[in-house]
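Here's a walk through a model you have on screen. Keep the viewer open and click along as you read.

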Amino acid sequence: MSVEIDREKCVGCRRCHDVCPGSLIKIGSDGKAFIKYPKDCWGCTSCVKECPAHAVRFFLGADIGGMGSVLHIEKNGELLDWVIERYDGENIVVSVDPKESNKY
Amino acid sequence: MVIEKLQTDILIIGGGTAGCYAALTIAERSDANVLICEKANIKRSGCLAAGVNALNAYITDGHTPRDYVEYAKHDADGIVCEDLLLSMSERLNSVTKKLEELGLVILKDENGKYVSRGWRNIKINGENIKPLLAEAVEKLPNVSVMNRINITNLAVENNRVFGAFGFGIESGIFYIIEAKAIIVATGGAAGLYKPRNPGFSRHKTWYPPFNTGAGYAMGIRAGAEMTSFEMRFIALRCKDTIAPTGTLAQGAGAKQVNSLGEIYENEYGLTTSQRVFGTTSENLAGRGPCYLQTKGISADLESDLMKAYLNMAPSQTLRWIESGSPLRQNVEIEGTEPYIVGGHTASGYWVDDNRATTVEGLFACGDVAGGCPQKYVTGALAEGEIAGISALGYTGLRDKKEIPEELAAKHIAEAEKFLSNGTGLYSTEQLEEAMQTVMDSYAGGIGTGYSFNEKQLDIAEERISRLETLSNELRAEDFHELMFIYELRERLTICESVIAHLRARRETRWAGFSHNLDHKEKDEKFGKLFVNSRLENGEIKIILRDISKRQVRDDER
Ligand SMILES: Cc1cc2nc3c(=O)[nH]c(=O)nc-3n(C[C@H](O)[C@H](O)[C@H](O)COP(=O)(O)OP(=O)(O)OC[C@H]3O[C@@H](n4cnc5c(N)ncnc54)[C@H](O)[C@@H]3O)c2cc1C
Ligand code: SF4
Ligand code: SF4
């Protein structure tokens, strides 16, 4: 279970670092974020939700059936767009309205 | 090492669900100074980080708090403190109202009534529940929050607490904190047992891997009485992602089926432990894998489920999109590794109705507090409220007491030793894996189908004690690694208690959660007893307590 951080895209806002419940994300000497303990990630996606630059991407480890797809989140007005780049190239977007309750 | 001394009226250790609510409670009632020390950052720390799917504890119309007590008692097969359950249940609805005021989205019908799932569960959008609590806490003028501070020990003398020790994992500062009263709210303990996925995804656990049981360990070392560590919790979860199954089972009505397509859940029963037991048994009998039968659900339901899981366990939605949706295939389920978690089962501090522990000035709430299972989010909030009120009352009676220098020096020296030890043969990671393997093989982990016998427990005890000795030699390169060492040592301390408790309950009460192969049946005698313990002169002393003494409150007699 883990995230990867694209250092090209990172703008150094530190928000992913601030929210991680495991303190796993650190800021390098270049001011950009990196995940110091990838095997310790819980997969909560808090960091993914924070990143304004879509630099943090979440994936399933191969040991738990991961096939190479990655997920990031984009704010779309009031909605949260969960963007899944599937391993086969297809992009799937699931829009979630934070004001809408779960129905089950 | 840089050393700083802090003073406050009330110290809250752990700014999670219960800890944040205790702070809100105190601030509403007084201008006492409160300091929250949180090892991560309160914005997303603890159980609520990813969000939750529902409020699992709520009293709907036509039901009473007593009904909730009865339900929890039945689920735990009698091993509960009814007084604690009742005082918690009475507050479930008022804390829910408060959550709604803070901004939590709760589903309502056309008459403005909450929509329930069953009689004690209401539907919400729980994705942002932790940021909502954290924002409310950050606005309070008399509450200071210190993030990335790992608290390791309590300052206790003559059975009274007057402070705590800890260090900043990023600042590298060692803190000596003096307080009139302390509320411990560090949650439960994950990572004692070898996880389902021991490799790259070793932290894809149900319970947060960052809740390492610090509060239990501090209390054990300080001589506090603890209860029910033998009542471990094993969650029934979606395979690999460890995502919750309640939304599929109770919410969408999916049944538990084996690989032959037979519905097996009715054969074993529907309590939490029976659901796990059924699944483990079907696997052992060669009828695995087991599934929740979702195949053929409607497309609308499927789309709702995709969203619902994004709000609490996003890996499950990613999984469905990657390898096939719940409409096309059933969802495989299995039991997790065992956890110690007082909000689901009853392990933790032995507390009275005010959530006072047996150490004077020390209060406990949420998953770290024992005797009161099935708390869930709202129960943790309710206990935070009770502990907050009690701690506040206590500070009115007490003056501050200084932490003696020798005591502080001892704790500083311990931390400094780990930072200056030479590089030894073993790393913290290696000893952690060793601990998890020992617990898995000899103390009823996944490897043995959650079963054990007394001879195995003896081996577990001996090996855990050896690992404890080895951990003295560990080296930390920085304060984050220092935290890893303390976390390991906390877990080792808890493992010792778990082993002692498993041995002391000479029966098998919760078959799904643990199977005592020397005592395979339930024993009436133990149905009337709590297994409690206290550390005395370095030895774990088992105390058997009569359950009937904790049944009714004076005003109900
Ligand atoms: C994945 C998951 C999903 C859940 N879903 C639901 C649900 O849908 N509905 C429901 O009602 N309940 C749910 N629950 C249960 C509920 O969330 C918990 O019972 C409740 O949040 C526990 O609250 P707590 O305050 O005891 O622990 P937490 O909220 O975890 O707080 C403990 C805090 O202490 C901090 N801490 C730990 N050690 C230290 C230390 N040494 N120093 C300083 N700080 C420390 C932690 O970082 C954390 O912030 C879920 C639990 C989990 C794990
Ligand atoms: S997913 Fe959660 S645990 Fe993992 S790095 Fe991001 S914030 Fe930390
Ligand atoms: S949130 Fe995104 S942009 Fe900000 S520091 Fe993290 S990776 Fe960089």
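Which residues are found around ligand 3? Going along chain A, they are A:Ile5, A:Cys10, A:Val11, A:Gly12, A:Cys13, A:Arg14, A:Cys16, A:Ala33, A:Cys51, A:Pro52 and A:Val56. Here, "around" or "near" means that a heavy atom of the residue lies within 4 Å of the molecule. By class, this shell has nine nonpolar residues, one polar and one charged. The classes go like this: Ala, Val, Leu, Ile, Met, Phe, Trp, Tyr, Cys and Pro are nonpolar, Asp, Glu, Lys and Arg are charged, and the others, Gly among them, are polar.

Before going on, some ground rules. This is a predicted model, in which local features need pLDDT of at least 70, side-chain atom pairs count only at pLDDT 80 or more, and totals for chains, interfaces and linings use all residues. Residues are numbered from 1 along each chain as its sequence is written, chains are lettered from A and ligands numbered from 1 in the order in which they are written, and side-chain values use heavy atoms, with hydrogens and water left out.

**Confidence**

pLDDT is the predictor's confidence in each residue, on a scale from 0 to 100. Chain A has a mean pLDDT of 95, with 99% of its residues at 70 or more. Chain B also averages 95, and 99% of its residues score at least 70. Within chain A, confidence is lowest in strand 1 (residues 2-5), at a mean of 94, and highest in helix 1 (residues 15-19), at 98. Helices (H or I, at least four residues) and strands (E, at least two) are DSSP runs, numbered from the N terminus. For the complex, the predictor gives an ipTM of 0.96 and a pTM of 0.97.

**The other two ligands**

Ligand 2 is surrounded by A:Val3, A:Cys20, A:Pro21, A:Ile25, A:Ile35, A:Cys41, A:Trp42, A:Gly43, A:Cys44, A:Thr45, A:Ser46 and A:Cys47. That shell splits into nine nonpolar, three polar and no charged residues.

Now over to ligand 1. It has 33 residues around it, and those that come nearest are B:Thr17, B:Glu38, B:Asn53, B:Ala54 and B:Asp367. Sorted by class, the shell holds 16 nonpolar, 14 polar and three charged residues. Three polar contacts (a pair of N or O atoms within 3.5 Å; within protein, one must be able to donate a hydrogen and the other to accept it, and residues adjacent in sequence count only if both atoms are side-chain atoms) are set out here:

| Ligand 1 atom | Partner | Distance |
|---|---|---|
| nitrogen | B:Lys39, polar backbone atom | 3.1 Å |
| oxygen | B:Cys47, polar backbone atom | 2.9 Å |
| nitrogen | B:Asn150, side-chain N or O atom | 3.2 Å |

On its own, ligand 1 has 1,000 Å² of accessible area, and the protein covers 96% of it. Accessible areas come from the Shrake-Rupley method with a 1.4 Å probe; for residues, only the protein chains shown count as cover. The elements that give two or more residues to this shell are helix 1 (17-29), strand 3 (52-55), strand 7 (149-157) and helix 12 (376-395) of chain B.

**Helices in chain B**

In helix 4 (residues 92-102) of chain B, B:Leu92, B:Val95, B:Thr96, B:Lys98 and B:Leu99 are buried. Buried means under 20% relative accessible area, exposed over 50%, and partly exposed in between (1.4 Å probe, protein chains only). Those five sit on the same side of helix 4 of chain B because they cover an arc of only 160 degrees around the axis; the arc is that of the directions from the helix axis to the C-beta atoms. After helix 4 of chain B comes B:Gly103, with a positive phi near 120 degrees.

Next, look at helix 16 (residues 479-504) of chain B, where you'll find B:Leu482. B:Leu482 is buried, at a relative accessible area of 0%. Its C-alpha is 7.0 Å from that of B:Phe418, 64 residues apart along the chain. B:Met483 is also in helix 16 of chain B, and it counts as buried at 4% relative accessibility.

**Backbone oddments**

Which residues does a cis peptide bond join? B:Gly288 and B:Pro289, with omega about -10 degrees. B:Pro289 lies in the loop between helix 9 (272-284) and strand 13 (290-292) of chain B.

B:Arg148 isn't a glycine, yet its phi is positive, near 60 degrees. B:Arg148 is in the loop between strand 6 (143-146) and strand 7 of chain B and is buried, at 6% relative accessibility. B:Asn537 has a positive phi too, near 50 degrees. This one lies in the loop between strand 19 (529-536) and strand 20 (539-546) of chain B, and B:Asn537 counts as exposed at 81% relative accessibility.
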